[in-house]
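Please read the points below alongside the coordinates, since they are arranged to be checked one at a time.

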Amino acid sequence: MKRKLIPLLVANLFAASAAVAADGDFRLSGSVGLGLRAVDRSGTDLSKLNEFRDLKNDSVISAIDVKGRGGATYLNFFGENLSLDDQYIDLKGGQYGVFKYRLYDDRLRHNLTWDARTPYRGVGGNTLTAIGAWPVTNVGTWTRFDYDLKREDLGGMFEFSNNSPWYGRADVNRVTIKGLRPVGYAQGSSPGNGYVELPTPVDYETVNIVLEGGYTSKRGHFSVALTQSKFSNGVSQLNWQNGYFGGGMDAALLPPDNDLTKISVNGVLRQLPMGSTLAGRFTHSRVTSNFTAQTANLNSTLGAITTTAATPAVFDGNVKHTSASLSLTSNLARALDSRIYYNYYDKDNGSTRIAYAAGVGGGAVAALAAPEHTQSYRKNNLGIDLGYRVNRQNKLSGGFDWADTKRDRADYNRSDDKKLYAELKNSSLDMLGVRLKYQYLERRSDFVEPFVAPTDVSNGYFLYATRRFDVASFDQNLLRLALDFNPAPLLDLGFEAIYKENKYKNVILGRTKDDRQEYLFNASYGDPNTFRVSAFGNLEYVQYDTIAKYVGQATCTAAVSCDPAAPAVIISPTAAAYTWTSKKKDRNYQVGVGADWPVAARLVLKASYIWSKTEGTVDFTAFAPSTAANFPRNIIAWDNTKRDSLNLKAVYNASKQWELTGGYAYERFRYIDDQNTGYQYLTGATTNAQHLSGAYANPDYTAHILYLMAKYKF
Amino acid sequence: MMKMHPPKWLAWFLPVILLTGGVLASPTAAAAQPADQTETCKQCHAAQFDTYQASVHGQKGNRAGPANAGGCNACHGDGTAHIKAGGGKGVGGIINPASKALPAEAKSKVCLSCHEGMSRNLAFWDSGQHKKNDVSCSNCHSIHGDNSLKRPGPSISPYVTTGRQLQYETCVSCHKDIRAQILKPSRHPIIEGKVKCSSCHEPHGALSKAMVKSESVNTLCTSCHTDKRGPSIHEHPPVEENCLACHNVHGSPHNKLLAQKVPNLCQDCHDWTRHPSTPYGRNRGFPAIGGNTGAQFVARNCLNCHNLIHGSNAAPSGRGQFFTR
């Protein structure tokens, strides 16, 4: 790819240079900045501080901003954080109405966890070998490494229209992601066999090419675009020594290569009767991925391999997506607007269905029949929006949306969604704007009952009873109120409240209800030319309610029933089978305040502070004796975080040419979570011990950031 | 010698293209342009003139731009009466497209009078949510400002390493609930400027729900997350239909932008004997909090073993159907 991309970019630059050279009035202006940034940081794992920014070292910081303007041509160049992990370079230019181009290089390092540990050697490669006998009990000897993903998006665009309604455009980019990410792998065939968290190599490359051509005028628009996107993974398999399976070499398959080809056709017709506009889109794409199906795996504590013959031997992945959309917007009367729309979407999964024979050698593995259906679905969606402007100050809107989804899925094969909404906008009072919206959504899905009678005591009862929330029937109510208040000149106040509730229908087991409340405040005061302060505050409450059935043995029986109603009617619920419910609550808070203060003609001070907090809890109710195995204790810290971010900045224009920017930032992040409190890298002393790597466990940090940059303007 | 044949589809495709040009071609504009009064306007509105002249609008080489279509008059209307009356807000019928007094549609009409015919990004403006909700061009764009996008107040943000003006600051001035989401611990790098709102949404109008830039949520997500495009031998049904079943894409307190923390999210669908149906309470944590270290609770819970929930290609001996390899 590099070989093709570079000549393209160079040719692009030459075209631009030639045009610029022909433009006699071309003038450059801009700035070049150079400075230093010092960071005082503390914390066990500083990856969260550096999650999407490079603050790992004291560093030289830079920024270049160049604008070129000619009578007919223009050029914008911007570069910052040169040589750092978050480097950004962007060059845009062209000749007005004739052509334009862009070249860019955007880098990012997504730091996930630093100073992680693993009982393996070979980190970064595709083969991990245990550093000692299993379990590797001396954690101090484990290999240290960082989980991070280095991403680079390098690309360009060229568009040519030559002052005509016709245009042609080409976009090319290459995205690479390289690094390590934490992936957990079961060691054996049961949860009791333990697991390991492994540094899994990522070596992804995606090359995208889009060619587009079309015609645009006031009467309408028509375009055709062809997309080719190729994903390739430099490491297709991670081999690792499985301590539970006799120290044999296990294999984890990593994402295989895939190809996407797509055609999109867009069209718009304007200036139709009744001020109508007809818009349409058609897309068809195909994703393919072909590889030989895996047939052998490590599958025994003796380190033996199990072979499971696959039929057919080669997986031919082939998914087609087809969509069509039509939208007609009209002004039916002077104050009445309408939009009628139709959307069609079809996902046709024609991939090979592979059947596996029973395992031979090693541990016992049952045959696995080819799935009757792979995941395909088809959706038809029709709707209408109406807007009636009662007068200048009042507008009423309403609409209806209907969607019918048919899918190849064992539990629900069809959903019917009906959505109604009404909205009022009022600005009768000069100082107050009000927006009130109510929406009701009703989803009714056809539940496909398995061959299990409600009185059955077998495990199959779970299939009969479980309603999966992503497709289950529910009623949704949504209420939204927004107020914009300007009680005095230069003073803006805002308030917004959102309430959304989903109540799931006919749930025996599964999510019964979820709701979300959001309250958002904002205020601004002042004149941007003298002093302006803004503030916001957010409160969010989210709750999910679920009912589940615990059965502590492999097979349900009459005595240990899978029926969730059973324990409730038994005078003394059993410890081995009981129904339990959970209420998961997230409470999120944020307060932010910021000010811009031009203290003097040459000096501007900027300040901002954000305090944010997230709190999660889970409350359980178990219909079981409190002595029952696994009787749950409420969770009191569930991704609880606190973050303070202070940002102070001063910009001083020393002269027409020189600008000095200095700043101080303070950040503090704290994390408490019941899953990670008292974190242990190794749990257990036998071959089924868990070997964890520390991923995401200790993200607390405190940082003081000081920076100074001198900018020369020309 | 090898004969070159054009592809067959070209035979019907070319006429379609040519026909399109004929249907969509705009009649030649015959309307008289008002005289360019820019030099007069400049005498009172020097600051606005400077920004105009520095912008794409003020370039004579921009043949379709206001500089060749009446200058200030192209957007503000004929200023003759305004000038004659000695100026003043709205005096002489002068149009201010940023004025609160002007309805949103009328404001946008000023811009669309040129841009509708030249900017394909505005092709679906009429079908979009912004037009429907009375959002005009000047709500987001600052025609005479230093930057093309408006930012209504001081920047309130954690320290970021970019000096660019970031698009999200314009968007969240209306979409306040989204600002709350993108500041959460798990998020896309939006406040760092590495992902823009317009990376996923087309603010100028689209036919898709929420004006996303793709025909479905999944095709949008997998345009960046290409490793999750599949197809896989073992598929996870909700993954195949809607990424939003599990992920809150604008932000979440939970890792990986998950709507709920694992195991809660998984257990809302998966109930079965033994470990899937076990209630995982605090008593299953590490010994430090009095737990008996439930292997399925600590660290990343279900994902400690079932990490390939987006799809697996492993054989049954590798428990691919359970997404563990």
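Over which residues of chain A does pLDDT stay under 50, and how many contacts beyond four places in sequence does the model have for them?

1. Confidence. The stretch in question is residues 1-9 of chain A, where pLDDT (the predictor's confidence in each residue, from 0 to 100) stays under 50 and the model has 8 contacts beyond four places in sequence, two residues being in contact if their C-beta atoms, placed from the backbone, lie within 7 Å. For chain A as a whole the mean pLDDT is 93, with 95% of residues at 70 or more.

2. Conventions. This is a predicted model, in which local features need pLDDT of at least 70 and side-chain atom pairs count only at pLDDT 80 or more, whereas totals for chains, interfaces and linings use all residues. Residues are numbered from 1 along each chain as its sequence is written, while chains are lettered from A and ligands numbered from 1 in the order in which they are written.

3. The interface of chains A and B. Contacts link 165 residues of chain A with 109 residues of chain B. On the chain A side, the most residues, 12, come from strand 30 (residues 531-551), where helices (H or I, at least four residues) and strands (E, at least two) are DSSP runs numbered from the N terminus. That side of chain A comprises 63 nonpolar, 74 polar and 28 charged residues, with Ala, Val, Leu, Ile, Met, Phe, Trp, Tyr, Cys and Pro counted as nonpolar, Asp, Glu, Lys and Arg as charged, and the others, Gly among them, as polar.

4. Strands 3 to 5 of chain A. Strand 3 (residues 73-80) runs antiparallel to strand 4 (residues 88-95), joined by 8 bridges, and Phe78(A) stands opposite Asp90(A) of strand 4; pairing here requires that DSSP find at least two bridges between the strands. Strand 4 also pairs in the antiparallel sense with strand 5 (residues 99-118), over 8 bridges, and Lys92(A) has Arg102(A) in strand 5 as its bridge partner. Strands 4 and 5 of chain A form a hairpin with 3 residues between them, and Gly97(A) in the turn has a positive phi of about 75°.

5. Helix 6 of chain B. This helix (residues 104-115) has 12 residues and reaches 16 Å from its first C-alpha to its last. Its buried residues include Lys107(B), Ser108(B), Val110(B) and Leu112(B), a residue being buried if 20 or more other C-beta atoms, placed from the backbone, lie within 10 Å of its own. Among the elements that cover the buried residues of helix 6 are helix 4 (73-76) and helix 8 (137-140) of chain B.

Definitions and conventions. The expected span of a helix is 1.5 Å times one less than its number of residues. A residue is buried if 20 or more other C-beta atoms lie within 10 Å of its own, exposed if 12 or fewer, and partly exposed in between; C-beta atoms are placed from the backbone.
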